[in-house]
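The exercises below ask you to work through a protein model by reading its contacts, its packing and its charged pairs. Attempt each task before turning to its solution.

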Amino acid sequence: MKSTVAQRLFLVILILGLLFYGGIQVWRSLSLRYKTETVYSYVVSESSNTRGLLLREEEVLSDRIDDGVAVYLVQDGDNVSIGYPITEIYRSEEDAKNTARLRELTKQKEQLEEAQNPGTTAYLQTDVLNKQIFGELGSIIDAVNAGQMENISEDADDLLVLMNKKEIATGKQKNFDGEIERLEAEMSYYSGRNSREPEVISSSKPGYFIRKIDGFEGAVDFSKLDELTPEDLQQLIDTPQPSPEENPYVGKLMTDHNWYYAALVPAEEVGLYQEGAWVTLDFNLSGMGPVDAFVYQINKDPDTGEAVVLFRSDYINEQLVNLRVTPATVNFRSIRGLRVSSSAIQYQGIERGVYVVQGDVMQFKPVTLLYEGNDFVLCLETDLMDPSYETNLKQYDEVVVEGAQLYDNKPLQ
């Protein structure tokens, strides 16, 4: 009887031992398994959508159009000096058309005279002319693709002169005397058609000319921008703008090259902005990319938490000077680095890094974090010419994102 009990007890101990040993082997087998992912370069861009108002220091010109016909000599956004001619006021539309035609004929005559000038054609070679012609064509195509139409007219004039020069240089055309005589006869006809010379309006001070008057001129005191509240800005945004027919004046001058974009920012997004930080403002304008600006000031409402964020920029073109109430995308920064899953980050003591599969072993590589997302991080990428490039984390490394018992130089079996 005692022998049977002893045998059973031994059998139970043996079975338990075997189960324990088997469990240890299964645990060790499972612990050796790991999962990896490939490291690759990645860019993170932080942005926020806003709506706001462009503020410029502007002065309306006192000159009026009234019943006349205005012909503008400058484009919106052009920098003008004191006394620079801005506009011509004609008594009638017919007078304006006559002068425009006379100037066009004069330009054509000058182009033909330049093309046949012996001083510019005697030593011209056709291959040189062809290169110049294709260069002008390329400039025109690039301007069209970029939406920069303001320079196309000048490029087209240069192209026409070059093509006329080629006609002379290749002998296809001896001269343009006959065409010049015809132009002079037509010029004589138009030169005496107008009953009175136009009134020329010149700039009274230096600045950037803007034709459109929208009622916001002088609406904000620039010495008190720190007092602009979200409520004030909302009232300005809701202000109806006058129709073009209500404007009797020639235009206005932007008297400072700096302008501001005042944006309404909800309380939950105010923390994204820091005074002095550089950003880009994207107004989604055709042919124009984001504009560099910096966060000039943040006026936060202590009761609601929302704020007026003022951006300042000095970039000027025809499209921007005509913007007023408009949405914009604020791009805070773009960060490029090596993307790895957050689960790949491990520690050796206080040193942060990742385990990388290198041949048949696992190696620990320290990393510097640039950005932390929801489930990934961006790590600093070492320059290719850096002596430590091969030993640091680099693109296409295989990093361990799941596994246990990880250590440096661990054999992979």
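**Exercise 1. The overall picture**

Among the contacts in the protein with a separation of 6 or more, what percentage is accounted for by residues 24 or more positions apart?

*Solution.* The model is a predicted one, in which local features need pLDDT of at least 70 and side-chain atom pairs count only at pLDDT 80 or more, whereas totals for chains, interfaces and linings use all residues. Residues are numbered from 1 along each chain as its sequence is written, and side-chain values use heavy atoms, with hydrogens and water left out.

Step 1. With contact taken as heavy atoms within 4.5 Å, residues 24 or more positions apart account for 77% of the contacts with a separation of 6 or more.

Step 2. The secondary structure comes to seven helices and 21 strands, where helices (H or I, at least four residues) and strands (E, at least two) are DSSP runs numbered from the N terminus.

Step 3. Of the 413 residues in the protein, 35% are buried, a term that stands for under 20% relative accessible area, with exposed meaning over 50% and partly exposed in between (1.4 Å probe, protein chains only).

**Exercise 2. The largest nonpolar core**

Identify the residues with the most contacts inside the largest nonpolar core, and the elements that give two or more residues to this core.

*Solution.* Step 1. A nonpolar core is a set of buried Ala, Val, Leu, Ile, Met, Phe, Trp, Tyr and Cys residues joined through side-chain atoms within 4.5 Å. The largest has 28 residues, and those with the most contacts inside it are Trp259, Tyr261, Leu281, Phe283, Phe311 and Leu320.

Step 2. Two or more residues come from each of the strands S8 (207-210), S10 (259-265), S11 (278-282), S12 (291-300), S13 (307-313) and S14 (325-341); the largest share, four residues, is that of S10.

Step 3. Leaving out residues up to four places away in sequence, Leu320 touches Leu54, Arg56, Trp259, Phe283, Leu285, Met288, Val291 and Tyr315.

**Exercise 3. Aromatic pairs around Phe283**

Work out how the ring of Phe283 is placed relative to the rings of Trp259 and Tyr261.

*Solution.* Step 1. Rings of Phe, Tyr and Trp (its six-membered ring) pair if their centres lie within 6.5 Å, and planes under 30 degrees apart count as stacked, over 60 as edge-to-face and the rest as tilted. A search of the whole structure finds 14 such aromatic pairs.

Step 2. The ring centres of Trp259 and Phe283 are 6.4 Å apart and their planes stand at 50°, so this pair is tilted. Because Trp259 lies in strand S10 and Phe283 in the loop between S11 and S12, the pair ties together parts that are 24 residues apart in sequence.

Step 3. Tyr261 and Phe283, by contrast, form an edge-to-face pair, with 5.3 Å from centre to centre and 85° between the planes. Both Tyr261 and Phe283 are buried.

Step 4. Ring pairs link Trp259, Tyr261, Tyr273, Phe283, Phe311 and Phe332 into a cluster.

**Exercise 4. A network of salt bridges**

Trace the salt bridges that Glu58 forms, and find which residues belong to the network.

*Solution.* Step 1. Side chains of opposite charge can pair when their charged atoms come close. A salt bridge is a side-chain nitrogen of Lys or Arg within 4 Å of a carboxyl oxygen of Asp or Glu, and the structure holds 15 of them.

Step 2. Glu58 forms one with Arg56, the closest N and O atoms being 2.7 Å apart, and another with Arg324, at 2.8 Å. The latter pair links distant parts of the chain, 266 residues apart, with Glu58 in strand S3 (residues 58-60) and Arg324 in the loop between S13 and S14.

Step 3. Glu58 counts as buried at 12% relative accessibility, and Arg324 counts as buried at 5%.

Step 4. Lys252 and Glu217 meet in a salt bridge of 2.6 Å, N to O. Since Lys252 lies in strand S9 (residues 252-254) and Glu217 in the loop between S8 and H7, the pair ties together parts that are 35 residues apart in sequence.

Step 5. Salt bridges that share partners join Arg56, Glu58, Asp214, Glu217, Lys252 and Arg324 into one network.
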